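Trainee: I am new to this structure and should like to study a single part of it closely. Please choose one strand and set out its surroundings in a connected account.

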Amino acid sequence: MSEAAGGVSGEETLSAAISGSGAQAVERALSLLAAVGSGAERGVTLSEAVLESRLNKPTARRLLMALIRARLVDQDEVSRRYFLGGELYVLGLLAARRHGLLEIAGESLRRLSAVTTDTSFLSMRRDDYAVCLHREEGTHPVRTHALLAGDQNPLGVGAGSLAMLAALSDGEVDAIIGRIAEPIAARYPGYSAAIIRADVERTRAAGFALNPGRVLASSWGIGMALRFPDGRVAGALSIAAIDSRMTSERQPELAALLGEEVHRMEAKLARLFSGSRPASRTPVIARSGTKTHTAA
(Lines give C-alpha, C1' and ligand atoms only; values in the text may rest on other atoms or scores of the structure.)
Protein backbone atom coordinates (compact mmCIF):
# COMPACT_ATOMS: atom_id res chain seq x y z
CA MET A 1 0.00 0.00 0.00
CA SER A 2 1.31 3.46 -0.86
CA GLU A 3 1.92 6.14 1.72
CA ALA A 4 -1.21 7.92 0.49
CA ALA A 5 -3.32 5.38 2.32
CA GLY A 6 -2.38 6.66 5.77
CA GLY A 7 -2.15 9.88 7.71
CA VAL A 8 -4.39 12.05 5.54
CA SER A 9 -7.93 11.37 4.37
CA GLY A 10 -8.08 9.66 0.97
CA GLU A 11 -10.75 12.16 -0.08
CA GLU A 12 -8.40 15.11 0.32
CA THR A 13 -7.36 16.42 -3.08
CA LEU A 14 -4.10 18.04 -4.08
CA SER A 15 -5.70 21.47 -3.99
CA ALA A 16 -7.05 20.90 -0.49
CA ALA A 17 -3.67 19.71 0.69
CA ILE A 18 -1.95 22.92 -0.37
CA SER A 19 -4.80 25.43 -0.15
CA GLY A 20 -3.62 26.91 3.13
CA SER A 21 -0.18 27.80 1.86
CA GLY A 22 -0.99 29.64 -1.36
CA ALA A 23 1.33 30.06 -4.31
CA GLN A 24 4.41 28.98 -2.38
CA ALA A 25 2.87 25.59 -1.67
CA VAL A 26 1.97 25.18 -5.34
CA GLU A 27 5.56 25.96 -6.28
CA ARG A 28 6.76 23.39 -3.75
CA ALA A 29 4.44 20.74 -5.16
CA LEU A 30 5.64 21.49 -8.69
CA SER A 31 9.29 21.37 -7.62
CA LEU A 32 8.60 17.99 -6.03
CA LEU A 33 6.90 16.78 -9.21
CA ALA A 34 9.97 17.87 -11.17
CA ALA A 35 12.14 15.97 -8.69
CA VAL A 36 10.15 12.81 -9.30
CA GLY A 37 10.41 13.44 -13.04
CA SER A 38 14.20 13.58 -12.80
CA GLY A 39 14.12 9.86 -12.11
CA ALA A 40 11.37 9.05 -14.60
CA GLU A 41 12.64 5.57 -15.50
CA ARG A 42 14.12 4.32 -12.20
CA GLY A 43 11.98 6.35 -9.82
CA VAL A 44 13.19 8.34 -6.81
CA THR A 45 13.27 7.59 -3.11
CA LEU A 46 11.84 9.97 -0.54
CA SER A 47 15.36 11.04 0.40
CA GLU A 48 16.23 11.75 -3.22
CA ALA A 49 13.04 13.75 -3.67
CA VAL A 50 13.85 15.77 -0.56
CA LEU A 51 17.38 16.46 -1.77
CA GLU A 52 16.31 17.39 -5.30
CA SER A 53 13.38 19.60 -4.26
CA ARG A 54 15.15 21.12 -1.23
CA LEU A 55 12.06 20.56 0.88
CA ASN A 56 12.11 19.17 4.38
CA LYS A 57 11.05 15.54 4.78
CA PRO A 58 7.60 16.08 6.41
CA THR A 59 6.61 18.62 3.73
CA ALA A 60 7.84 16.40 0.92
CA ARG A 61 5.99 13.39 2.31
CA ARG A 62 2.74 15.35 2.70
CA LEU A 63 2.90 16.76 -0.82
CA LEU A 64 3.82 13.37 -2.30
CA MET A 65 0.73 11.83 -0.73
CA ALA A 66 -1.40 14.62 -2.22
CA LEU A 67 0.23 14.10 -5.62
CA ILE A 68 -0.48 10.36 -5.39
CA ARG A 69 -4.15 11.00 -4.67
CA ALA A 70 -4.26 13.31 -7.69
CA ARG A 71 -2.64 10.45 -9.71
CA LEU A 72 0.20 12.75 -10.71
CA VAL A 73 2.66 10.50 -8.87
CA ASP A 74 2.71 6.71 -8.33
CA GLN A 75 4.56 4.79 -5.65
CA ASP A 76 5.91 1.32 -6.37
CA GLU A 77 4.57 -1.17 -3.82
CA VAL A 78 7.86 -3.06 -3.53
CA SER A 79 10.69 -0.55 -3.97
CA ARG A 80 8.73 2.36 -2.41
CA ARG A 81 10.16 4.58 -5.14
CA TYR A 82 8.08 7.37 -6.64
CA PHE A 83 7.29 7.63 -10.36
CA LEU A 84 5.38 10.08 -12.53
CA GLY A 85 1.70 9.12 -12.52
CA GLY A 86 -0.54 8.09 -15.37
CA GLU A 87 -2.71 11.19 -15.06
CA LEU A 88 0.17 13.28 -16.40
CA TYR A 89 0.10 11.22 -19.59
CA VAL A 90 -3.68 11.63 -19.88
CA LEU A 91 -3.51 15.38 -19.34
CA GLY A 92 -0.73 15.65 -21.90
CA LEU A 93 -2.83 13.83 -24.49
CA LEU A 94 -5.90 15.92 -23.81
CA ALA A 95 -3.95 19.18 -23.86
CA ALA A 96 -1.85 18.41 -26.93
CA ARG A 97 -3.77 15.94 -29.05
CA ARG A 98 -1.52 16.50 -32.06
CA HIS A 99 1.26 14.69 -30.26
CA GLY A 100 1.78 11.34 -28.57
CA LEU A 101 -0.71 8.55 -29.13
CA LEU A 102 -2.93 10.55 -31.48
CA GLU A 103 0.02 11.51 -33.67
CA ILE A 104 1.13 7.89 -33.84
CA ALA A 105 -2.41 6.75 -34.67
CA GLY A 106 -3.13 9.26 -37.42
CA GLU A 107 -1.85 7.20 -40.32
CA SER A 108 -3.57 4.05 -39.08
CA LEU A 109 -6.92 5.79 -38.65
CA ARG A 110 -6.77 7.31 -42.11
CA ARG A 111 -5.87 3.95 -43.63
CA LEU A 112 -8.68 2.13 -41.81
CA SER A 113 -11.30 4.64 -42.92
CA ALA A 114 -9.97 4.69 -46.47
CA VAL A 115 -9.95 0.90 -46.85
CA THR A 116 -13.25 0.19 -45.09
CA THR A 117 -15.02 3.47 -46.02
CA ASP A 118 -16.41 3.38 -42.47
CA THR A 119 -15.62 5.62 -39.49
CA SER A 120 -12.66 4.72 -37.30
CA PHE A 121 -11.80 5.86 -33.79
CA LEU A 122 -8.91 6.15 -31.37
CA SER A 123 -9.81 5.85 -27.70
CA MET A 124 -7.83 5.74 -24.48
CA ARG A 125 -8.59 4.80 -20.90
CA ARG A 126 -9.14 7.42 -18.23
CA ASP A 127 -9.85 5.74 -14.88
CA ASP A 128 -13.08 3.74 -15.36
CA TYR A 129 -13.97 5.46 -18.63
CA ALA A 130 -12.91 5.37 -22.26
CA VAL A 131 -12.23 8.74 -23.89
CA CYS A 132 -12.52 9.18 -27.65
CA LEU A 133 -9.43 11.07 -28.82
CA HIS A 134 -10.24 11.17 -32.52
CA ARG A 135 -12.95 10.24 -35.03
CA GLU A 136 -11.84 9.64 -38.64
CA GLU A 137 -14.75 9.82 -41.05
CA GLY A 138 -15.17 7.25 -43.81
CA THR A 139 -16.65 7.92 -47.21
CA HIS A 140 -19.65 5.58 -46.98
CA PRO A 141 -22.79 7.74 -47.40
CA VAL A 142 -24.66 6.10 -44.49
CA ARG A 143 -22.84 6.66 -41.21
CA THR A 144 -23.51 5.72 -37.62
CA HIS A 145 -24.16 8.32 -34.97
CA ALA A 146 -21.20 7.12 -32.92
CA LEU A 147 -19.11 8.99 -30.41
CA LEU A 148 -17.25 12.23 -31.12
CA ALA A 149 -13.79 13.29 -30.00
CA GLY A 150 -13.90 14.09 -26.30
CA ASP A 151 -16.89 11.86 -25.52
CA GLN A 152 -16.58 9.40 -22.64
CA ASN A 153 -18.31 6.13 -21.81
CA PRO A 154 -17.78 3.63 -18.99
CA LEU A 155 -15.31 0.89 -19.84
CA GLY A 156 -17.17 -1.96 -21.51
CA VAL A 157 -19.63 0.31 -23.33
CA GLY A 158 -18.74 0.34 -27.03
CA ALA A 159 -16.24 -1.69 -29.01
CA GLY A 160 -13.03 0.19 -28.29
CA SER A 161 -14.00 0.61 -24.65
CA LEU A 162 -14.79 -3.10 -24.33
CA ALA A 163 -11.50 -4.03 -25.98
CA MET A 164 -9.60 -2.06 -23.33
CA LEU A 165 -11.60 -3.58 -20.48
CA ALA A 166 -11.04 -7.12 -21.77
CA ALA A 167 -7.29 -6.46 -21.97
CA LEU A 168 -7.10 -5.85 -18.20
CA SER A 169 -6.67 -8.46 -15.50
CA ASP A 170 -9.67 -10.26 -14.02
CA GLY A 171 -9.24 -8.37 -10.77
CA GLU A 172 -9.29 -5.00 -12.53
CA VAL A 173 -12.31 -6.02 -14.58
CA ASP A 174 -14.25 -7.02 -11.47
CA ALA A 175 -13.36 -3.79 -9.66
CA ILE A 176 -14.29 -1.59 -12.62
CA ILE A 177 -17.61 -3.32 -13.20
CA GLY A 178 -18.46 -2.75 -9.55
CA ARG A 179 -17.60 0.95 -9.74
CA ILE A 180 -19.49 1.65 -12.97
CA ALA A 181 -22.68 -0.12 -11.88
CA GLU A 182 -24.49 3.13 -11.06
CA PRO A 183 -23.85 5.02 -14.33
CA ILE A 184 -24.57 1.86 -16.32
CA ALA A 185 -27.93 1.41 -14.61
CA ALA A 186 -28.78 5.10 -15.01
CA ARG A 187 -27.82 5.73 -18.62
CA TYR A 188 -27.21 2.48 -20.52
CA PRO A 189 -30.34 0.29 -20.59
CA GLY A 190 -28.72 -2.11 -23.05
CA TYR A 191 -26.02 -3.02 -20.56
CA SER A 192 -25.69 -4.73 -17.19
CA ALA A 193 -22.83 -6.19 -15.17
CA ALA A 194 -23.67 -9.66 -16.50
CA ILE A 195 -23.72 -8.46 -20.11
CA ILE A 196 -20.36 -6.70 -19.75
CA ARG A 197 -18.77 -9.77 -18.15
CA ALA A 198 -20.06 -11.96 -20.98
CA ASP A 199 -18.80 -9.42 -23.54
CA VAL A 200 -15.35 -9.49 -21.92
CA GLU A 201 -15.19 -13.28 -22.21
CA ARG A 202 -16.29 -13.21 -25.85
CA THR A 203 -13.73 -10.52 -26.63
CA ARG A 204 -10.91 -12.53 -25.12
CA ALA A 205 -11.98 -15.65 -26.99
CA ALA A 206 -12.40 -13.92 -30.35
CA GLY A 207 -9.40 -11.59 -30.11
CA PHE A 208 -11.53 -8.52 -30.89
CA ALA A 209 -14.43 -6.67 -29.27
CA LEU A 210 -17.86 -6.38 -30.84
CA ASN A 211 -20.61 -3.94 -29.96
CA PRO A 212 -23.75 -5.45 -31.55
CA GLY A 213 -25.83 -2.31 -31.39
CA ARG A 214 -26.18 -2.30 -27.61
CA VAL A 215 -26.42 1.50 -27.38
CA LEU A 216 -28.12 2.23 -30.70
CA ALA A 217 -29.65 -0.73 -32.52
CA SER A 218 -28.42 0.26 -35.97
CA SER A 219 -24.90 1.23 -34.85
CA TRP A 220 -22.39 -1.59 -34.52
CA GLY A 221 -18.70 -1.42 -33.72
CA ILE A 222 -15.61 -3.61 -33.68
CA GLY A 223 -12.47 -2.80 -31.68
CA MET A 224 -9.06 -3.95 -30.59
CA ALA A 225 -6.83 -2.79 -27.74
CA LEU A 226 -3.24 -1.67 -28.20
CA ARG A 227 -0.50 -1.75 -25.60
CA PHE A 228 2.60 0.06 -24.51
CA PRO A 229 5.83 -1.98 -24.63
CA ASP A 230 5.53 -2.78 -20.90
CA GLY A 231 2.12 -4.39 -21.40
CA ARG A 232 -0.10 -1.58 -20.11
CA VAL A 233 -3.16 -0.75 -22.18
CA ALA A 234 -2.41 2.31 -24.31
CA GLY A 235 -5.81 2.64 -25.95
CA ALA A 236 -7.94 1.06 -28.63
CA LEU A 237 -8.73 1.32 -32.31
CA SER A 238 -12.31 0.73 -33.40
CA ILE A 239 -14.50 0.87 -36.48
CA ALA A 240 -18.21 1.76 -36.48
CA ALA A 241 -20.74 1.01 -39.19
CA ILE A 242 -24.45 0.47 -39.64
CA ASP A 243 -25.59 -3.04 -38.80
CA SER A 244 -25.93 -4.15 -42.43
CA ARG A 245 -22.21 -3.46 -42.93
CA MET A 246 -21.11 -5.34 -39.80
CA THR A 247 -22.18 -8.84 -40.82
CA SER A 248 -20.68 -11.98 -39.31
CA GLU A 249 -18.84 -12.54 -42.61
CA ARG A 250 -17.30 -9.06 -42.57
CA GLN A 251 -16.33 -8.98 -38.89
CA PRO A 252 -13.18 -11.15 -39.29
CA GLU A 253 -12.12 -9.03 -42.24
CA LEU A 254 -12.42 -5.82 -40.20
CA ALA A 255 -10.69 -7.47 -37.23
CA ALA A 256 -7.75 -8.42 -39.44
CA LEU A 257 -7.42 -4.81 -40.63
CA LEU A 258 -7.54 -3.59 -37.04
CA GLY A 259 -4.91 -6.16 -36.06
CA GLU A 260 -2.55 -4.90 -38.77
CA GLU A 261 -2.88 -1.31 -37.57
CA VAL A 262 -2.54 -2.28 -33.92
CA HIS A 263 0.68 -4.11 -34.84
CA ARG A 264 1.97 -1.02 -36.65
CA MET A 265 1.11 1.27 -33.76
CA GLU A 266 2.62 -1.02 -31.13
CA ALA A 267 5.84 -1.14 -33.19
CA LYS A 268 5.92 2.67 -33.21
CA LEU A 269 5.30 2.77 -29.46
CA ALA A 270 8.08 0.24 -28.92
CA ARG A 271 10.51 2.50 -30.77
CA LEU A 272 9.26 5.56 -28.90
CA PHE A 273 9.49 3.93 -25.47
CA SER A 274 12.51 1.74 -26.11
CA GLY A 275 14.12 3.00 -22.91
CA SER A 276 11.08 2.33 -20.69
CA ARG A 277 11.53 0.13 -17.64
CA PRO A 278 10.08 -3.38 -18.15
CA ALA A 279 6.91 -4.65 -16.52
CA SER A 280 4.99 -7.89 -16.74
CA ARG A 281 2.38 -8.17 -19.47
CA THR A 282 -1.24 -8.72 -18.47
CA PRO A 283 -2.11 -12.35 -19.31
CA VAL A 284 -5.14 -12.07 -21.60
CA ILE A 285 -6.04 -13.55 -24.95
CA ALA A 286 -7.49 -10.39 -26.45
CA ARG A 287 -5.31 -7.80 -28.05
CA SER A 288 -7.94 -6.37 -28.18
CA GLY A 289 -13.81 3.12 -27.30
CA THR A 290 -17.95 14.28 -19.58
CA LYS A 291 -20.34 13.56 -22.41
CA THR A 292 -22.20 10.39 -22.89
CA HIS A 293 -22.84 9.42 -26.50
CA THR A 294 -23.37 6.32 -28.57
CA ALA A 295 -20.15 4.34 -28.48
CA ALA A 296 -18.25 2.92 -31.41
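Mentor: Two strands are said to pair if DSSP finds at least two bridges between them; strands (E, at least two residues) and helices (H or I, at least four) are themselves DSSP runs, numbered from the N terminus. This is a predicted model, in which local features need pLDDT of at least 70 and side-chain atom pairs count only at pLDDT 80 or more, while totals for chains, interfaces and linings use all residues. Residues are numbered from 1 along each chain as its sequence is written, and side-chain values use heavy atoms, leaving out hydrogens and water.

The part I choose is strand β7, residues 219-227. It belongs to an open sheet of six strands in the order β5-β4-β3-β8-β7-β6, with antiparallel pairing. The edges are formed by β5 (152-154) and β6 (209-211), each having a single partner strand, so one side of each is left without a neighbour in the sheet. From one strand to the next, the twist averages 30°; such angles run from 0 to 180 degrees between the N-to-C directions of lines fitted to C-alpha atoms, for helices over the stretch in contact.

Consider the two partners of β7 in turn. With β6, strand β7 pairs in the antiparallel sense over three bridges, and Ile-222 in β7 is the bridge partner of Leu-210. With β8, the antiparallel pairing extends over nine bridges; here Arg-227 stands opposite Val-233.

Helices also adjoin the sheet. Helix α11 (residues 251-272) lies across β6, β7 and β8, at about 30° to β7. Helix α6 (residues 100-116) touches β3, β4, β7 and β8, where contact means heavy atoms within 4.5 Å. Eight of the nine residues of β7 are buried, so the strand is largely enclosed by the rest of the structure; buried denotes under 20% relative accessible area, with a 1.4 Å probe and protein chains only.

The end of β7 deserves particular attention. Arg-227 is buried yet has no salt bridge, and Glu-266, the nearest side chain of opposite charge, is 5.5 Å away. A salt bridge would require a side-chain nitrogen of Lys or Arg within 4 Å of a carboxyl oxygen of Asp or Glu. A polar atom of the Arg-227 side chain does, however, lie 2.7 Å from the backbone oxygen of Gly-231. Gly-231 takes a positive phi near 100° in the hairpin of β7 and β8, which has five residues between the strands.

Methods
Buried means under 20% relative accessible area, exposed over 50%, partly exposed in between (1.4 Å probe, protein chains only). Lys and Arg count as positive and Asp and Glu as negative; His and the chain ends are not counted. A polar contact is a pair of N or O atoms within 3.5 Å; within protein, one must be able to donate a hydrogen and the other to accept it, and residues adjacent in sequence count only if both atoms are side-chain atoms.
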